[in-house]
Amino acid sequence: ETNGKTIKGSLVNGDTRVNTAQSKFGGASAFFDGSGDYLATSSRADFDMGSGDFTIDFWLKTSQTGTTFIGGQTVAAGNEYTRLMLNNGKIQGGIRTNITFRGIESTSTVNDSIWHHVAFVRDGSTLRLFIDGTQENTFNVGSELHQDVVAQFAIGRTGEYNDQYFN
């Protein structure tokens, strides 16, 4: 809780806080300073995606360079199962299938300190990545199943992996 406002999530870590100085809508946003800040849920069946369709979408404003995790579901050893990250200004989204890790990357950069809408979608057998409503990349995973895992889903880092916190 900061200034009478609470960020809802099972776990709030570091000094993750509500920032009323910057927001796309609603008058506030979550703020992560890249130093151990994240929101997490406990492992739950809601995040078992299997072969089903899903969409993970969010608004993002950053000037971050290098590589940092935005969020996802990863076990502490670093094996990734669902991941969204920023790599040199480009968004990368990926899932672990029953065969290997499959990922896609945006063509545009989003580390320009302007709000961007990001959507990472599995539609049938296709992974899609949208930036500001424009589809930027696709990947056909065919009949490969998304591997479900018992791990936290987190925002500000990826799951239970303690590295590359979002800023």
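A polar contact here is a pair of N or O atoms within 3.5 Å; within protein, one of them must be able to donate a hydrogen and the other to accept it, and residues adjacent in sequence count only if both atoms are side-chain atoms. Keep that in mind for the first stop. You are looking at a predicted model, so local features need pLDDT of at least 70, side-chain atom pairs count only at pLDDT 80 or more, and totals for chains, interfaces and linings use all residues. Residues are numbered from 1 along each chain as its sequence is written, and side-chain values use heavy atoms, with hydrogens and water left out.

**Stop 1: Thr 62**

Select Thr 62, in the loop between strand S5 (54–60) and strand S6 (67–74). Strands (E, at least two residues) and helices (H or I, at least four) are DSSP runs, numbered from the N terminus. The side chain of Thr 62 reaches the backbone nitrogen of Gln 64 at 3.0 Å. Is Thr 62 buried or exposed? It is buried, with a relative accessible area of 4%. (Buried means under 20% relative accessible area, exposed over 50%, and partly exposed in between, using a 1.4 Å probe and protein chains only.)

**Stop 2: the whole chain**

Zoom out and colour by secondary structure. The chain has 13 strands and 0 helices. Buried residues make up 43% of its 167 residues. Now think about contacts, meaning heavy atoms within 4.5 Å. Among those between residues at least 6 apart in sequence, 57% join residues at least 24 apart.

**Stop 3: the S8–S9 hairpin**

Select strand S8, residues 90–96, where 5 of the 7 residues are buried. Add strand S9 (101–105). The two strands pair in the antiparallel sense over 5 bridges; pairing takes at least two bridges found by DSSP. They form a hairpin with 4 residues between them. For one rung, pick Gly 93: its bridge partner in S9 is Ile 104.

**Stop 4: the largest nonpolar core**

A nonpolar core is a set of buried Ala, Val, Leu, Ile, Met, Phe, Trp, Tyr and Cys residues joined through side-chain atoms within 4.5 Å. Which members of the largest one touch the most others? Ile 56, Ile 91 and Phe 120 do, out of 22 residues. S5, strand S7 (80–87), S8, S10 and S11 each supply at least two residues of this core, and S5 gives the most, with 4.

Stay on Phe 120 and show what surrounds it. Leaving aside neighbours within four places in sequence, its contacts include Phe 54, Ile 56, Leu 84, Ile 95, Leu 127 and Arg 128. Both members of your earlier rung, Gly 93 and Ile 104, are also in contact with Phe 120.

**Stop 5: the salt bridge**

From there, move to Arg 128. The structure holds 1 salt bridge, a term for a side-chain nitrogen of Lys or Arg within 4 Å of a carboxyl oxygen of Asp or Glu. Arg 128 forms it with Asp 123, the closest N and O atoms being 3.6 Å apart. Arg 128 is partly exposed at 21% relative accessibility, and Asp 123 is partly exposed at 39%.

**Stop 6: two positive phi angles**

Finish with two loops. Ser 113 sits between S9 and strand S10 (116–123). Its phi is positive, about 60 degrees, although it is not a glycine, and the residue is partly exposed at 38%. Then select Asp 132, between strand S11 (126–131) and strand S12 (134–140). Asp 132 also has a positive phi, about 50 degrees, without being a glycine. Its relative accessible area is 40%, so Asp 132 is partly exposed.
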